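Please examine the sequence and the three-dimensional structure shown here. The explanation that follows is intended to be read alongside them.

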Amino acid sequence: MNFRRLVAINVQRLRLGRDPQWTQQTLAAEAQITLAYMNGIERAKRNPSFHVASRLAKALDVTMEEFLRPIPPGYVPPKNMPRGKNVHHKGRKAKA
């Protein structure tokens, strides 16, 4: 497993383990990073710098070592949550 995937799974596992209702947006705000960057980290598209990883660890109230721990045996990542209403296109009319 590559480094980005390991960090992605651990960040998601720690975030949802803290509170299942804790969103990426909440964690991003706590860690003072953008939501797009947070999403990229959890999807293993972005590699967090040491500085960002330390802010994530502080927000999650864990040590930096937690991000590098092997995935626990039997851990199954949660399925995608159902999508809500797309608020970005609220009020727009479809082109005819």
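The paragraphs below treat the packing of two helices and then the interactions of charged side chains.

The model is predicted. Two packed helices are described by the angle between their axes and the distance between the axes. Helix H1 spans residues 3-18, and helix H3 spans residues 35-42. Their axes come within 7 Å and cross at roughly 115°. Because angles of 65 to 115 degrees count as roughly perpendicular, H1 is described as roughly perpendicular to H3.

The contact between these helices can be followed residue by residue. From H1, the participants are Val7, Ala8, Val11, Gln12 and Arg15, and these meet Met38, Ile41 and Glu42 in H3. By character, the residues of the contact of H1 with H3 comprise five nonpolar, one polar and two charged.

Arg15 and Glu42 also deserve attention as a pair. Their side chains form a salt bridge, with an N to O distance of 2.6 Å. This pair links distant parts of the chain, since Arg15 lies in helix H1 and Glu42 in helix H3, 27 residues apart. Over the whole structure, a search finds two salt bridges.

A further arginine interacts with a ring. The charged end of Arg18 sits over the ring of Trp22, at 4.2 Å from the ring centre. As for pairing between aromatic rings, the structure holds zero aromatic pairs.

Terms used:
Residues are numbered from 1 along each chain as its sequence is written. This is a predicted model: local features need pLDDT of at least 70, side-chain atom pairs count only at pLDDT 80 or more; totals for chains, interfaces and linings use all residues. Side-chain values use heavy atoms; hydrogens and water are left out. Axes are lines fitted to C-alpha atoms, for helices over the stretch in contact, and angles run from 0 to 180 degrees between N-to-C directions. Helices (H or I, at least four residues) and strands (E, at least two) are DSSP runs, numbered from the N terminus. Angles under 35 degrees count as roughly parallel, over 145 as roughly antiparallel, 65 to 115 as roughly perpendicular and the rest as oblique. Contact means heavy atoms within 4.5 Å. Ala, Val, Leu, Ile, Met, Phe, Trp, Tyr, Cys and Pro count as nonpolar, Asp, Glu, Lys and Arg as charged, and the others, Gly among them, as polar. Rings of Phe, Tyr and Trp (its six-membered ring) pair if their centres lie within 6.5 Å; planes under 30 degrees apart count as stacked, over 60 as edge-to-face and the rest as tilted. A charge sits over a ring if NZ of Lys or CZ of Arg is within 6 Å of the ring centre and within 35 degrees of the ring normal. A salt bridge is a side-chain nitrogen of Lys or Arg within 4 Å of a carboxyl oxygen of Asp or Glu.
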